[in-house]
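Let's take a friendly walk through a protein model. Have the sequence at hand and follow along at your own pace.

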Amino acid sequence: MRIISGLLFLFVFAAAIAGPGIVTVMKITTGGEENRSDTERRRLATVSALSRDISRGEVDLINAGPAFGEAFKDQLAYRGDVTRQVNSVLINTFAHSTHDEIKIGRGNFWFQLATPSFHRLACAAPSGPDVQRSVEMLRSYKAFEERAATLGVKTYLVIVPMTTSIYADHLPQPMRERCDTDQTTLQRALAQAGDVGRVAYDLEWFRRFEPGEIYDPRAFHWHRPGAINYLTYLVEDGLLKGDRRLALLGPARERPEEIDNASDLGVAPLDIIVMDNALREPPERTLTGLDLPPQRQEDFQDIFRNDAALRTLLMTEGGQQSGTGVLVGDSFTSKFWPYYSRHFETAYRFHASFLRLQHGMLDRIVEETEPDYLVILLTEPKWTFAADARDQTAFERILLEAEPAN
């Protein structure tokens, strides 16, 4: 009986090993290889691409064996499911992060710290934060605001607090010990800088909400209802109070929102269900930079990195409120923009990742769009720096005037 049980175990074990291998070989030979893993958010090596590289002489036979092993491993059948399951156990059971830049905090909060540089949490860097550099950047913003005012443009700076500041008491050690949970680096800089113009850093407003209401504690970005909630506050009681009429919202309905950190941690897809309000007062036209006439496209070419980046210029025309509004900022503008655009007759959104981030760029945007209102929306880490971080950032540059021609 033991012999039969042993043989049965060996048969099942061999089948478990051989099964995925056979399916993988079939996938490769029939042209069914996958080029990208949504679970891990990365490109996958393929045997077909390796074969082409070998035939072109770009990979020698000595390295072909290890490269084939990597490609076969990337294409292994059921790999995504197994990866998700293993990573979920490591994260949820052992609080072990599967990504170098993400740390698992208390209560299963997932924090993007961008270690080892800590450029997303300067206070946790071994060298500590450079508060004076933040002060100087805030003063650069004030100087830009004053330049824009001479052209009749009302400018606002909205600095979005990150989960690392909102939920600082959930940070893992030693980050929690290094960072003052009562006063953030940016709060210290704002106190030292004095009058920096129209600046919002509404940390205490964000802290009023339970985890999940503005940010899911496992996400890096806010979700769309959170962005709409914050813009509503800005118009009703915050930085934009008295300057705009709050655009109408429709009824709330359930919709899924992606937990973006899940891809980096190898547990995607992972969604939550949020209550999201429909947007009312739609503009007459919604277009991108590629929809503009050729001459108008040329007007924007020196603002964007390349012609293809013009597609990231978003515009609305024929809105139900007066004036022209411009929104410039980082990836957090994506969820903010649809509702923001409904507060103007004409609106533009510039995603900073696709701009030529150099001196004078904000001034150039003002020149080209002639707005009545300009909102710069950048997340907190764009304004804080570790003491040993010396290179000037793109966002420090664009606040400055263009350097005079030689």
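What follows is a tour of the core, one strand, one helix and some salt bridges.

**Before we start**

This is a predicted model, in which local features need pLDDT of at least 70 and side-chain atom pairs count only at pLDDT 80 or more, while totals for chains, interfaces and linings use all residues. Residues are numbered from 1 along each chain as its sequence is written, and side-chain values use heavy atoms, with hydrogens and water left out.

**The nonpolar core**

In soluble globular proteins, nonpolar side chains tend to be buried together. A nonpolar core here is a set of buried Ala, Val, Leu, Ile, Met, Phe, Trp, Tyr and Cys residues joined through side-chain atoms within 4.5 Å. Buried means under 20% relative accessible area, exposed means over 50%, and partly exposed is in between (1.4 Å probe, protein chains only).

Which residues touch the most other members of the largest nonpolar core? Among its 94 residues, they are Tyr-215, Trp-222, Tyr-230, Phe-350 and Trp-383. Apart from this core lies another one of 12 residues, including Trp-110 and Ile-272.

Take a look at Trp-222. Leaving aside residues up to four places away in sequence, its contacts (heavy atoms within 4.5 Å) include Phe-206, Tyr-215, Tyr-230, Lys-335 and Leu-377.

**A strand with both faces covered**

Leu-377, one of those contacts of Trp-222, also belongs to strand 13. Helices (H or I, at least four residues) and strands (E, at least two) are DSSP runs, numbered from the N terminus. Strand 13 covers residues 373-379, and 7 of its 7 residues are buried, so it is largely enclosed by the rest of the structure. On one side sit Tyr-373, Val-375, Leu-377 and Thr-379, and on the other Leu-374, Ile-376 and Leu-378.

Two strands pair if DSSP finds at least two bridges between them. Strand 5 runs parallel to strand 13 and is joined to it by 7 bridges; here Lys-154 has Tyr-373 as its bridge partner. Strand 11 (residues 324-329) also pairs with strand 13 in the parallel sense, over 5 bridges, and Gly-329 stands opposite Leu-377.

**Helix 8**

Strand 5 appears again beside helix 8: the buried residues of this helix pack against helix 5 (131-149), strand 5 (154-160) and helix 9 (203-207). Those buried residues are Thr-185, Leu-186, Gln-187, Ala-189 and Ala-193. After helix 8 comes Gly-194, with a positive phi near 75°.

**Salt bridges**

Side chains of opposite charge can pair when their charged atoms come close. A salt bridge is a side-chain nitrogen of Lys or Arg within 4 Å of a carboxyl oxygen of Asp or Glu. The whole structure holds 22 of them, and three are listed here.

| Pair | N to O distance |
|---|---|
| Asp-216 and Arg-218 | 2.9 Å |
| Glu-257 and Lys-335 | 3.0 Å |
| Glu-368 and Arg-364 | 2.9 Å |

What does the salt bridge of Glu-257 and Lys-335 tie together? Glu-257 lies in strand 7 (residues 249-258) and Lys-335 in helix 13 (residues 333-340), so the pair connects parts that are 78 residues apart in sequence. Glu-257 is buried, at 5% relative accessible area, while Lys-335 is partly exposed, at 28%.

Glu-368 and Arg-364 both belong to helix 14 (residues 361-369) and are 4 residues apart, about one turn of the helix. Glu-368 is buried at 15% relative accessibility, and Arg-364 is buried at 16%. Both take part in a network of salt bridges that also links Arg-296, Asp-299, Asp-302 and Glu-367.
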